[in-house]
Amino acid sequence: MTKIAMASDHAAYELKEIIKPYLIEKGYEVIDFGTDSSDSCDYADFAHPAATAVEMGECAFGIAMCGSGNGIQITLNKHQNIRAALCWLPELGALAKQHNDANFLVLPGRFISVYMAKEVVDAYLDAKFEGGRHQIRVNKIPVKD
């Protein structure tokens, strides 16, 4: 069973709690890194452990969300081996995987309907990385010391 890391802040807590069982119904195991309520909190507290779980191979990929999606995406992308893509349309979700091999899908919790969020998730899950010229580009993303 494929494990998915999930993380959100308070602004996207309700959406996370809807998407989580949706993923479980599809046969995924969800590891929820929080938050666990709609009480105000800081997205970084949940993004970093979720990103680490993906980097360490404990989860195959992740789905994260905050109010705009920007804060949690920026935080996730601070991790050298994370490619987090903010997506609000199914085409963006598919392209994030196909062209960027995104290992985190990020949703803008305050700016997306539940219906559209599920459509984006499905497009991301169904897509496959195309490799080729895209692999060359992905290889250039990490900062080399």
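Which residues form one aromatic cluster? In this predicted model, the cluster consists of Tyr28, Phe61 and Tyr124, and a walk through the fold shows the elements from which these residues come.

The protein is built from six helices and five strands, which follow one another along the sequence in the pattern β-α-β-α-β-α-β-α-β-α-α. Its radius of gyration is 14 Å, close to the 15 Å that the globule rule gives for 145 residues, so the protein is as compact as a globular protein of that length. The C-alpha trace spans about 40 × 30 × 30 Å along its principal axes, and 47% of the 145 residues count as buried. Among contacts between residues at least 6 apart in sequence, 70% join residues at least 24 apart. The exposed surface of the protein comes to about 7400 Å², of which carbon and sulfur atoms supply 51%.

Helix α1 is a convenient place to enter the interior. The helix comprises 13 residues, 13-25, which at 1.5 Å a residue should span 18 Å, and the 19 Å between its end C-alpha atoms agrees with that expectation. Its buried residues are Leu15, Lys16, Ile19, Lys20, Tyr22 and Leu23. An α-helix has 3.6 residues a turn, so residues three or four places apart point the same way; in α1, Leu15, Ile19 and Leu23 are among the buried residues. The cover over the buried residues of α1 includes strands β1 (3-8), β2 (29-32), β3 (61-66) and β5 (104-108), together with helix α5 (114-126). Just after α1, Gly27 adopts a positive phi of about 100 degrees.

From α1 the path leads into the largest nonpolar core, which has 23 residues, and within which Met6, Leu23, Ile63, Leu105, Leu107 and Val121 touch the most other members. At least two residues of this core are supplied by each of β1, α1, β3, β5 and α5, and the largest share, five residues, comes from α5. Val121 illustrates how these contacts run: leaving aside residues up to four places away in sequence, Val121 touches Ile19, Leu23, Ile63, Leu105 and Leu107. Apart from this core lies another, of 19 residues, which has Phe46, Ala51, Cys59 and Leu86 among its members.

The aromatic cluster can now be taken apart into its pairs, of which a search of the whole structure finds two. In one of them, the rings of Tyr28 and Phe61 have their centres 6.2 Å apart and their planes at 80 degrees, so the pair is edge-to-face. Because Tyr28 lies in the loop between α1 and β2 while Phe61 lies in strand β3, this pair ties together parts that are 33 residues apart in sequence. Tyr28 is buried, with a relative accessible area of 18%, and Phe61 is likewise buried, with a relative accessible area of 11%. Phe61 also pairs with Tyr124, their ring centres being 5.7 Å apart and their planes at 65 degrees, so this pair too is edge-to-face. Since Phe61 lies in strand β3 and Tyr124 in helix α5, the pair ties together parts that are 63 residues apart in sequence. Tyr124 is buried, as is Phe61.

Key: Residues numbered from 1 in each chain as written. Predicted model: local features only at pLDDT ≥ 70, side-chain atom pairs only at ≥ 80, totals over all residues. Heavy atoms only, no water. Helix = DSSP H or I, 4+ residues; strand = E, 2+ residues; numbered from the N terminus. Expected span 1.5 Å × (residues − 1). Buried < 20%, exposed > 50% of the residue type's maximum accessible area, 1.4 Å probe, protein only. Contact = heavy atoms within 4.5 Å. Core = buried A, V, L, I, M, F, W, Y, C linked by side-chain atoms within 4.5 Å. Rg over C-alpha atoms; globule rule 2.2 N^0.38 Å. Areas by Shrake-Rupley, 256 points an atom, 1.4 Å probe, with all protein chains shown as cover. Phe/Tyr/Trp six-rings, centres within 6.5 Å; stacked < 30°, edge-to-face > 60°.
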